[in-house]
Amino acid sequence: MKAPATLWDVMHFDGQSWSHPRRWTGLNPRADLRAPFGRASSSARPQGWRACVGWLLAILLAAVGVPAAPSAAEPEPVRTTDVTFIGGGGVILHGIVVAPRTSGKRRPAMVMLEGAGNRGRQELQPAAEVFAQHGVITLIYDKRKVGYSLLRRDYDLLAADAVAAVAVLASRRDVDQSRLGLWAQSEGAYVAPLACQQSSAVKFVITVGAVGVTPAVQTAWGYDQFLRHAGIGAGLPHALEITALRTMISAGLFPEANFDPGPAWHQVRQPLLAEWGEFDRVALPRESSTAIEEALRRGGNTRYTMRFISGVRHNLNFTADRGFDRITSLPADYGAYERHWIDDLARTEPSRLGTAPITETPPPVLAPLSGAAALVNLGLILTLTMGFAFYPLAGLVGYIRRRSMAPGLGASRLSGTERLIVAAGLFTTLGLPVYLLFLMITAANVIGPVVVGRPIPWLLLQGSTAAVGVCTMVIAVRWWRSRHRAERTDHHRLILLAAGAVLLGWVGYWGLLVP
């Protein structure tokens, strides 16, 4: 059976979009269709007698049995029911079932899996309600907090949770078990193929923004998209996308970083509908669709549809900034194609709908680092902090205790240059890892003002690094002159000189010296 044309399938004509993304809202199709062509002139409007003739013809056609054009199905009212079930490892999970109010027949159903993070059931509830209005029963639940966090996650365990949720739906009388499946978004699409292997009750899979590469590569590519969009250059992109990620992975702080979804998709035998938005800035749609398709084919599964949807972003919501915003607005026809696809699971031929967006920047290559790399960086941070902070802290302790300080340890013995290198050195040593960690936690979505291709915090870090460099050279000259004059060597100068030299080498590795 051929799928009916939908809003997204007809938006392109000869490869060119005939409606601007900002003009086409999808919320008022009639107004959207009129907008590109303008209002009709008064001379083009039908006269009164013509309108009467039109009505008469319509009545005559109806009388002789000519069918009228089908109207869009009215959305069904929905109801929600709280559910509690036991997931993997005995963890108790809570969620809701969103279903049409009308009963009396068995309906298709699916468990919806959210992406990365733990935003709760409300994250997917708008989409779940739309699916229920199209007659699809959905179950959404709060992701586990035990065993899932920023620093810990296990996709097999999440798959066990999904299978338990599927069992809840399978026990309902209004669910058609031959049309019971999974809907998975983003990171949830890592989990869905694993759940398919754990349970034969899963009869189909729908993914949104599925990723076909490892989480580490996908994360690095996503950072690059948002940094480039903000106009950031210099050394920050490489520091965040490559150096920081490799260090986090080597330290074991990026769980499931190297998970390869290919083998899992290779084992999937259920029909798959994989969807990506035109402006997906997270999932590498072209590379991911190719990787998943190749894995399915190698496993002998040809029952799949790869669908690329115009005008929407990673989670298939509308976008006003080519995928770099977070507008929460589903298209007017959301869920219609998915419902039709579920009703036609018997199809066996593969298909592609739409055109995969072109990847402007290739996915990065993340060479593995040994576990010692993270320890070396941590050791350098501690050493530099102690080197720069030793004399100010010693002076503070001496002041508090009201004792005379030993020669060379008094804060008063530090010159202006030495005080500056202490302040700049501490700011750089502590500020660099804190800022990179902040960018990683926010997925490079919170950047702030950009000046000459650099965010303000990065620019300040480069300025403090330059100050350390200048002060290091001044202290080195003073120390060299004091040696020739046979003056007693000040140990604090040697310590600050060594700390400054080490710092410059360390920040060079992190890209702060890139002009």
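Me: Why is the crossing of helix 4 and helix 5 called right-handed?

Reply: A crossing is right-handed if the near helix is turned clockwise from the far one by less than a right angle, and left-handed if anticlockwise. Helix 4 (residues 155-170) and helix 5 (residues 188-198) pack at about 65°, and their crossing falls on the right-handed side of that rule. By the way, this is a predicted model: local features need pLDDT of at least 70, side-chain atom pairs count only at pLDDT 80 or more, and totals for chains, interfaces and linings use all residues. Residues are numbered from 1 along each chain as its sequence is written, and side-chain values use heavy atoms, with hydrogens and water left out.

Me: How do you describe the way helix 4 and helix 5 pack?

Reply: With an angle and a distance between the axes. Here the axes of helix 4 and helix 5 are 8 Å apart, at about 65°. An axis is a line fitted to C-alpha atoms (for helices, over the stretch in contact), and angles run from 0 to 180 degrees between N-to-C directions.

Me: Which residues make the contact, and what makes most of them nonpolar?

Reply: Contact means heavy atoms within 4.5 Å. Helix 4 brings residues including Tyr-155, Asp-156, Leu-158 and Val-163, while helix 5 brings, among them, Tyr-190, Leu-194 and Gln-198. The split is 10 nonpolar, one polar and one charged. Ala, Val, Leu, Ile, Met, Phe, Trp, Tyr, Cys and Pro count as nonpolar, Asp, Glu, Lys and Arg as charged, and the others, Gly among them, as polar, so Asp-156 is the charged one and Gln-198 the polar one.

Me: What do these two helices lie across?

Reply: Helix 4 lies across strands 3, 4, 5, 6 and 7, at about 140° to strand 6. Helix 5 lies across strand 5, strand 7 and strand 8, at about 145° to strand 7. Helices (H or I, at least four residues) and strands (E, at least two) are DSSP runs, numbered from the N terminus.

Me: Why are strand 3 and strand 11 called edge strands?

Reply: Each of them pairs on one side only, and two strands pair if DSSP finds at least two bridges between them. They sit at the ends of an open nine-strand sheet with the order 3-4-6-5-7-8-9-10-11 and mixed pairing. The twist averages 20° from one strand to the next.

Me: How do you know that strand 3 pairs with strand 4, and strand 10 with strand 11?

Reply: Count the bridges! Strand 3 and strand 4 run antiparallel with nine, and Asp-82 stands opposite Ile-96. Strand 10 and strand 11 are parallel with three, and there Thr-305 faces Ser-351. With a minimum of two bridges, both couples count as paired.

Me: What makes the phi of Ala-443 worth a look?

Reply: Phi is near 55° there, positive in a residue other than glycine. Most residues other than glycine have a negative phi. Ala-443 sits in the loop between helix 12 and strand 12.

Me: Why is Ala-443 called partly exposed, but Val-452 exposed?

Reply: Buried means under 20% relative accessible area, exposed over 50%, and partly exposed in between (1.4 Å probe, protein chains only). Ala-443 has 34%, so it lands in between. Val-452 has 62%, so it counts as exposed. Val-452, in the loop between strand 12 and strand 13, also has a positive phi, near 45°.
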